[in-house]
Amino acid sequence: MTGADHQGPAATLAALHAALDRVLHDAPRPPTHVVVRSGGESIELTWSAAVAPPPAPEAATPAPVEAERRPAESDGDLVRAPLVGTFYAAPEPGAPPFVAVGDLVEAGQQVAIIEAMKLMNPIEADRAGRVTAVLVKNGEGVGYDEPLFELDCDGQG
């Protein structure tokens, strides 16, 4: 980032931000520790060796609602959260959801957004199928590897 040094603090911060965005976007899961410094330029990211599930958020609703979030059938036909954050079913407030129950999705099709550390991360289906259940409510916090959608992948033509 030596070119940014000659352009002043704003350019240095922009370069640090861009580097952090690239690292977080390419990471398989969020880091457990982040340090960003401007003076002297520094970015430190730490990932724990063992991935422990994040603590469950305090339930604002009774336990039966939690049971609705659990898939009823095959674990193989789930779209799971690749990171911890806030689930959004639509691209912006008031817009229709990316997908709804009954919709056919293709592998690579965006089905949701998870906001993590102020970054909006597109969530894509990893296989084709018909959406049979949306397992998370819009605006709800999700944990790493938590099921978001259930798909029926059998009989896809």
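**Notebook: strands, sheet and a pocket**

I began with one residue pair and found that Arg130 stands opposite Asp152 in strand 10. I note at the outset that the model is predicted.

I then looked up the strands around this pair. Strand 8 covers residues 129-134 and strand 10 covers residues 147-152. The two pair in the antiparallel sense, over four bridges.

Next I asked which strands make up the open sheet and in what order they lie. I read the order as 3-10-8-5, four strands with antiparallel pairing. Strand 3 (78-80) and strand 5 (104-105) are at the edges; each has a single partner strand, so one side of each is left without a neighbour in the sheet. As background, I recorded that strands of a sheet pair through backbone hydrogen bonds.

I turned to the whole protein chain. I found three helices and ten strands, which follow the pattern α-α-β-β-α-β-β-β-β-β-β-β-β along the sequence. Of the 157 residues, 30% are buried. Among contacts between residues at least 6 apart in sequence, 57% join residues at least 24 apart. I noted an accessible surface of about 9600 Å², with 55% belonging to carbon and sulfur atoms.

Lastly I examined the second largest pocket, which holds about 290 Å³ of space. It is lined by 17 residues, and Leu24, His25, Ala27, Leu83 and Asn121 are the closest to its centre. Which element gives the most to this lining? I found that strand 7 does, with five residues. Helix 2 (9-26) also supplies at least two. By type, I recorded the lining as twelve nonpolar, two polar and three charged residues.

Technical notes. Residues numbered from 1 in each chain as written. Predicted model: local features only at pLDDT ≥ 70, side-chain atom pairs only at ≥ 80, totals over all residues. Heavy atoms only, no water. Buried < 20%, exposed > 50% of the residue type's maximum accessible area, 1.4 Å probe, protein only. Contact = heavy atoms within 4.5 Å. Areas by Shrake-Rupley, 256 points an atom, 1.4 Å probe, with all protein chains shown as cover. Pairing = 2+ DSSP bridges. 1 Å grid on protein atoms, 1.4 Å probe; cavity = no way out; pocket = protein on both sides within 12 Å on 5 of 7 lines; lining within 4 Å. Points joined across faces, edges and corners; volume = space filled by probe spheres on them. Nonpolar A, V, L, I, M, F, W, Y, C, P; charged D, E, K, R; others polar.
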